[in-house]
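Me: Please pick a single part of this protein and look at it closely with me. I am in my first year, so plain words would help.

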Amino acid sequence: MNQVVRENQVIVVVGETGSGKTTQLIQYLYEDGYTRGGIVGCTQPRRVAAMSVAKRVSEEMETELGDKVGYAIQFEDVTGPNTLIKVIPIVSCLLYMTDGVLLRETLKDSDLDRYRVIIMDEAHERSLNTDVLFGILKKVVARRRDFKLIVTSATLNAQKFSNFFGSVPIFHIPGRTFPVNIMYSQTPCVDCVEAAVKQAITIHITSDPGSDRPRSIPITIPILPSMPVSKAAADQRAGRAGRTGPGKCYRLYTESAYLNELLPNPVPEIQRTNLGNVVLLLKSLKIENLLDFDFMDPPTQENILNSMYQLWVLGALSNVGSLTEIGWKMVEFPLDPPLAKMLLMGEQLDCLNEVLTIVSMLSVPSVFLRPKDRAEESDAEREKFFVPESDHLTLLNVYQQWKANQYQGDWCNDHFLHVKGLRKAREVRSQLLDILKSLKIPLTSCGMDWDVVRKAICSAYFHNAARLKGVGEYVNCRNGMPCHLHPSSALYGLGYTPDYVVYHELILTTKEYMQCVTAVEPHWLAELGPMFFSVKESGKSLIEHKKQQKEEKTAMEEMDNLRKRQAEEEILNKERERGKRAKQQQQVAMPGLQQGSSTYRRPKKLGL
């Protein structure tokens, strides 16, 4: 394999799960000297994978995590001081990172000059960031002859990767470490949660003691509505049962369903998700026509245009599709576009300190603990933090209370709060503050006047506004979709419900519940989202309002027609003036020149 890497700039490596692609390949490159001229990077689609694999490789190489081997994920960078040195020559290092981290690094260095080799691991999962990186790295390979790209996949769809990069070689790692016995359900599964529990109990009762290893039963309990898995993903999951010994894989569907109903490969994420962050990134890389970008599987034109429309609504794109001043600033933050917009609006409303805390709390999992055996007690503690108008302000209150108690872990335990989550939010806040300082944005505070904070939240989520319809029931202002307050929301059970709210997203369980809700004033919606909302003047019926709009439209059309008539009359007057001046000019008579002719004729009387 080292020989293939030396002879080719791009290769595709195919190997079953457990063959050592992730942990051993990067060590071969290190031993072969590729780290002398730069960093060998390996991307992972998930944060946990980047952290655990980096720890495993550092142990195998008998070095501290963060020295020769490090990892970088969103809001966390565990690398040694040598890794951060960007002068030439760059000290050797092996770096595991999420694909999102590498994607953002292309903003500062489009040629990735500090990297000698990039390994795109788990490429078969086709995550959103991975697909965008394929298009960017294809250009890097064309510009840099000293750069090598290795794409690894656990499935047999590697030919598609090879063709995308110009029919590059495919290197197969033969065999799997241990065999896996796959067992299917005899009948179709109605309730997959119940079936999974029964299967787990059956395995526990019938298997020999000590034979159940953690990876021998890959069963996932779904919380949200489940979607059919693809054949490639199912085979890849089954392979995990054979990493350390012969394993078993129990599939809660029939063999006929596997053969006839499942798709061969998963639908790429880029074709089924919002592309807001991708559009921002590509626009910042001066890629104006996104439809011409070299995607392996291009997203639909409708999806791209819809994402551009959402960015235009937030003010990140101009009417002609280019980045605005706000858009350029939003690119700098590793956040979803609405959260980045919220931060920038916090600057304008002089409440940036409070908005920064809220964004940091939203960037980590929920900090509220609810043990089953102490549910009522934990709910009572949670209600102490409630700010009636907003779930966002509730998170702000939690963080400020934690700060007032010197960030103590015991205080968190007493109030059923996840101390690790709060500490992570503090780290995220610190990193976002560094970005704000680099943009020379001052940190302002509104004190306890939190109404402006709600207005900043409204500026980012006015497109997810809902109005009150019944008791605890709302409908989306734009599409009429029913929405409900979740029982854990600070707005639930207050005795009154606000007329208008904004929310992050809808979560479908037994009902369509709004996640993270804040009450807003209706005139804020008209001010911040004029493309969707307008203020109806009081005392006027809907018919009168429409009649007034029609009269205003008619008046505007008459004004336009008047301007056109005035412009036409002005043109006619200028033409008349030109005609008058032409008649008043003296005509110079010349021999042989006929009137209206430009050809000079010699006079006949001269005999010529």
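**A close look at one helix**

Reply: Let's begin with the whole protein: among its contacts (heavy atoms within 4.5 Å) with a separation of 6 or more, 72% are between residues 24 or more positions apart. This is a predicted model, where local features need pLDDT of at least 70, side-chain atom pairs count only at pLDDT 80 or more, and totals for chains, interfaces and linings use all residues. Residues are numbered from 1 along each chain as its sequence is written, and side-chain values use heavy atoms, leaving out hydrogens and water.

The protein has 22 helices and 15 strands (DSSP runs numbered from the N terminus: H or I of at least four residues for helices, E of at least two for strands). It has 608 residues, and 43% of them count as buried (under 20% relative accessible area, with exposed over 50% and partly exposed in between; 1.4 Å probe, protein chains only).

Now find helix α11, at residues 276-284. Because 8 of its 9 residues are buried, α11 is largely enclosed by the rest of the structure. Follow the buried residues along the helix: G276 comes with V278 and V279, then the leucines L280, L281 and L282, and finally K283 and S284.

What do these buried residues of α11 pack against? Their partners are α5 (99-108) and α6 (128-143) from earlier in the chain, together with α12 (301-313), α13 (325-331) and α14 (337-348) from later on. Finally, look just after α11, where K286 takes a positive phi of about 65 degrees.
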